[in-house]
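Visitor: I'm new to this one and would like to start with a single part. Please take me slowly through the pocket with the most space in it, and through whatever sits beside it.

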Amino acid sequence: MSVRFGVFVPQGWKMDLVEIADPVEQYEAMTAVAKAADAGPWDSVWVYDHFHTTPEPTINTTFECWTVTSTLARDTSRVNIGQMVGCNGYRQPSLYAKIASTVDVASHGRLYAGLGAGWYEHEWKAYGYEWREVPQRMGEFREAVEIVHKMWTEERPVFTGRHYSIDQPINEPKGVRKPHPSFWLGGGGEKVTLKLVAQYADACNVGGGDPELIRHKLGVLRRHCDNLGRDYDRIIKSTSLELDLTESMAETIGRVERMAEAGADYVIVYVPRVAYDHEPMLRFASEVVPQFS
């Protein structure tokens, strides 16, 4: 079974830079992980789209998603760079499309543009974004996905929806990757998100590493693809894995095997403490990745 792998860089969101005091050194530690991945067998590096730390907001560093994406695009030369995932509520969708197009060019076509509806209520309110309940956020997300796709594929797109509208915006250049920047949608919502994946996306992210949940969500996705006439096999099916530093690599391989058997063909790995120690990431690259190539 073939599986590709990405790795999260330590961005601060998961309190993974707190042992470094200087913000410049924090940024360099994050960049060093991306460069190490670029030199290895990883397909991609990833960032989160958050402003405040988790599991609770603290007065600690969290570097902004698209700024990081753009700098890593210039600090690496091979790996793809993605967001898991961009929060639709933080950027108007036509602006999101423009930003992504520019970063795709800056990276020479290595952008994995992630988008989701968003969920971190405290963060929205703290930054002055109006918090909306799930039905409205999902309605906005549905419209945003269509607008982004139009901005990447049409010369003078027009869209009038309940939440957003565009009137012939010019988006040049649209990007480097063809037919458009790689579009990743995060979330397992069965009525909206997975249907949008079948309609518009190049990749999904589901299941949180749980094989049974992965299997179920991908079954829903396959049904949407069948109903819409989309080739299910052309969609990347990603999930996430938090590396357990106490388990053996053989046990980690077993976890990945179960995800792959459930249908995942892409695993994005979070490595605890990687800002301070690259060794577990390098071991994963040398001992796990080759088992699935």
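Guide: First, what counts as a pocket: on a 1 Å grid over the protein atoms alone, it is an open set of points where a 1.4 Å probe fits, with protein on both sides within 12 Å along at least five of seven lines, and a lining residue has an atom within 4 Å of a point. A volume is the space filled by probe spheres set on the points, which are joined across faces, edges and corners. By that recipe, the largest pocket holds about 690 Å³. Its lining takes in 37 residues, and closest to the centre are Met84, Val85, Trp119, Gly187 and Asn205.

Keep in mind that this is a predicted model: local features need pLDDT of at least 70 and side-chain atom pairs pLDDT 80 or more, while totals for chains, interfaces and linings use all residues. Residues are numbered from 1 along each chain as its sequence is written, and side-chain values use heavy atoms, without hydrogens or water.

Now, which elements build the wall? Those giving two or more residues are β4 (86-87), α4 (121-126), α5 (134-153), β10 (236-242), α8 (249-261) and β11 (266-270); helices here are DSSP runs of H or I with at least four residues, strands runs of E with at least two, numbered from the N terminus. Sorted by class, the lining has 18 nonpolar, 13 polar and six charged residues. (Ala, Val, Leu, Ile, Met, Phe, Trp, Tyr, Cys and Pro count as nonpolar, Asp, Glu, Lys and Arg as charged, and the others, Gly among them, as polar.)

Two of those wall elements, β10 and α8, lead us to another helix. The buried residues of α7 pack against β10 and α8, and also against α6 (193-200) and β9 (203-205), with contact meaning heavy atoms within 4.5 Å. Helix α7 runs over residues 211-228. Its buried residues (under 20% relative accessible area with a 1.4 Å probe, protein chains only; exposed is over 50%, partly exposed in between) are Ile214, Lys217, Leu218, Val220, Leu221, His224 and Cys225. Looking down the helix axis, they fall within an arc of 155°, so they line one face of α7; the arc is taken from the directions from the axis to the C-beta atoms. On the other side of α7, Glu212, Asp226 and Asn227 are exposed.

For comparison, the second largest pocket has a volume of about 210 Å³. Its lining includes Arg177, Lys178, Asp202 and Ile236, and splits into three nonpolar, two polar and six charged residues.

Terms used:
The expected span of a helix is 1.5 Å times one less than its number of residues.
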